[in-house]
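Please look over the sequence and the model below before reading on. The paragraphs that follow lead through its aromatic contacts, its cysteines, its interior space and a few points along its backbone.

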Amino acid sequence: MSHLCVMGKRRLNRGFYGQDLASLHDRHYSDFVDRAAPEALRMLRAAGVKNGMVCDLGCGGGQLAASLLRAGYDVIGMDLSAAMIAIARKRAPGARFIQGSVADVDLPACAAAIAIGEVFNYLPSQNAVLRAFRNIYHALRSGGILLFDIKEAPATPTSGIAARVGKDWAVIAEIDEDPARKKLTRTIHSFRRSGRHYRRQIEIHHVRIYPVAEVLRLLRCAGFRARSYAGYGRHKLGPERRVLLAIKPANNELQP
């Protein structure tokens, strides 16, 4: 992207994963889901869920949904971004998709729910996270599972820039983490070539970051039994990220 010429004024997209960022994210940032999905499927089977309906929460471009379909599950995907859902429908035409927040949408009865990619961190408050957990709990069958990953707060405030650049595109993210306020802000600048120029859009993503112990407490409040892991099976996530596996107790089990 040498000699960059940006077309017009910068455009602040007040949506969430608008068309440009959704397309770039799907093409160039799906490696996390690609690595996590096979291990998540193994954890799903190990937990006893070998068939039935699985909700792919925060489905993005449908990589996990497509993997679940190939494994023989029925799938419904959910995402806030209409642009992401449009991509997912093409990648996983055998799945159903709904647009909305996991804290508010009516989820179908399901055997399991999976959320890869810090989905619950994007909810605006602890109350919203608890509401989402309760929503999922009521949708799950007895003995069903919820599998997801979270971003934890760092020990001290941090800031930095992350970027990926291609021949005709770039994504540059300014990252600020404030552990005292349990908040991470990503200001994401996306550039896509349009003729001789580049189209630029900006999205600001506000992410809530919680200690894993707090997330476990919220899961228990919703009725789950839960524990945390360092990653999805052999795919370890590294510092400040955890995977949680929550189980809705069977009818003959005592609630936690």
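Two rings of Phe, Tyr or Trp, the last taken by its six-membered ring, are counted as a pair if their centres lie within 6.5 Å. With that cut-off in hand, and with the caution that this is a predicted model, one can turn to F16, Y17 and Y122, which together form one aromatic cluster.

How many aromatic pairs does a search of the whole structure find? The search returns six of them. A pair of aromatic rings is described by the distance of the centres and the angle of the planes. For F133 and F148 the ring centres are 5.6 Å apart and the planes stand at 40°, so this pair is classed as tilted, given that planes under 30 degrees apart would count as stacked and those over 60 as edge-to-face. The contact links distant parts of the chain, since F133 belongs to helix 5 (residues 126-139) and F148 to strand 6 (residues 140-151), with their positions 15 residues apart in the sequence. Both F133 and F148 are buried.

Helix 5 also supplies a ring to another pair, that of Y137 and F224. Here the centres are 5.2 Å apart and the planes lie at 90°, which makes the pair edge-to-face. Because Y137 sits in helix 5 while F224 sits in the loop between helix 6 (212-222) and strand 11 (225-229), the pair ties together parts that are 87 residues apart in sequence. Y137 and F224 are both buried, and Y137 has a further partner in K248, which lies over the face of its ring at 4.7 Å from the ring centre. A similar arrangement involves Y29, whose face has R164 lying over it, at 4.3 Å from the ring centre.

The cysteines come next. A disulfide is a covalent bond between the sulfur atoms of two cysteines. How many disulfides does the structure hold? It holds zero. C55 is in no disulfide, and the cysteine sulfur nearest to its own, that of C110, is 3.8 Å away, whereas the cut-off for a disulfide is a pair of cysteine sulfur atoms within 2.5 Å. C55 has a relative accessibility of 2% and therefore counts as buried. C59 is likewise in no disulfide, and for C59 the nearest cysteine sulfur is that of C55, 11 Å away. With a relative accessibility of 5%, C59 also counts as buried. Burial is the rule along helix 3 (residues 63-70) as well, for this helix is mostly covered, with six of its eight residues buried. Those six are Q63, L64, A65, A66, S67 and L68. Just after helix 3, G72 takes a positive phi of about 100°.

The interior can also be examined for enclosed space. The structure holds one cavity of 30 Å³ or more, and the volume of the largest cavity is about 30 Å³. Which residues line the largest cavity? The lining is made up of L21, I188, S190, Q201, I202 and E203, a set that divides into three nonpolar residues, two polar ones and one charged one. Strand 9 (183-194) and strand 10 (197-208) each contribute at least two residues to this lining, and strand 10 gives the most, with three.

Some details of the backbone complete the picture. Most residues other than glycine have a negative phi, and most peptide bonds are trans. K182 has a positive phi of about 55° although it is not a glycine, and K182 is placed in the loop between strand 8 (169-178) and strand 9. Its relative accessible area is 30%, so K182 is partly exposed. E240, again not a glycine, has a positive phi of about 65° and is found in the loop between strand 13 (235-236) and strand 14 (241-247). E240 counts as partly exposed because its relative accessibility is 31%.

A last position to inspect is D168, which lies in the loop between strand 7 (158-165) and strand 8. At 39% relative accessibility, D168 counts as partly exposed. The C-alpha atoms of D168 and S194 are separated by 8.8 Å, although the two residues are 26 residues apart along the chain.

Methods
Residues are numbered from 1 along each chain as its sequence is written. This is a predicted model: local features need pLDDT of at least 70, side-chain atom pairs count only at pLDDT 80 or more; totals for chains, interfaces and linings use all residues. Side-chain values use heavy atoms; hydrogens and water are left out. On a 1 Å grid over the protein atoms alone, a cavity is a set of points where a 1.4 Å probe fits but cannot get out, and a pocket is an open set with protein on both sides within 12 Å along at least five of seven lines; lining residues have an atom within 4 Å of a point. Grid points are joined across faces, edges and corners, and a volume is the space filled by probe spheres set on the points. Helices (H or I, at least four residues) and strands (E, at least two) are DSSP runs, numbered from the N terminus. Ala, Val, Leu, Ile, Met, Phe, Trp, Tyr, Cys and Pro count as nonpolar, Asp, Glu, Lys and Arg as charged, and the others, Gly among them, as polar. Buried means under 20% relative accessible area, exposed over 50%, partly exposed in between (1.4 Å probe, protein chains only). A charge sits over a ring if NZ of Lys or CZ of Arg is within 6 Å of the ring centre and within 35 degrees of the ring normal.
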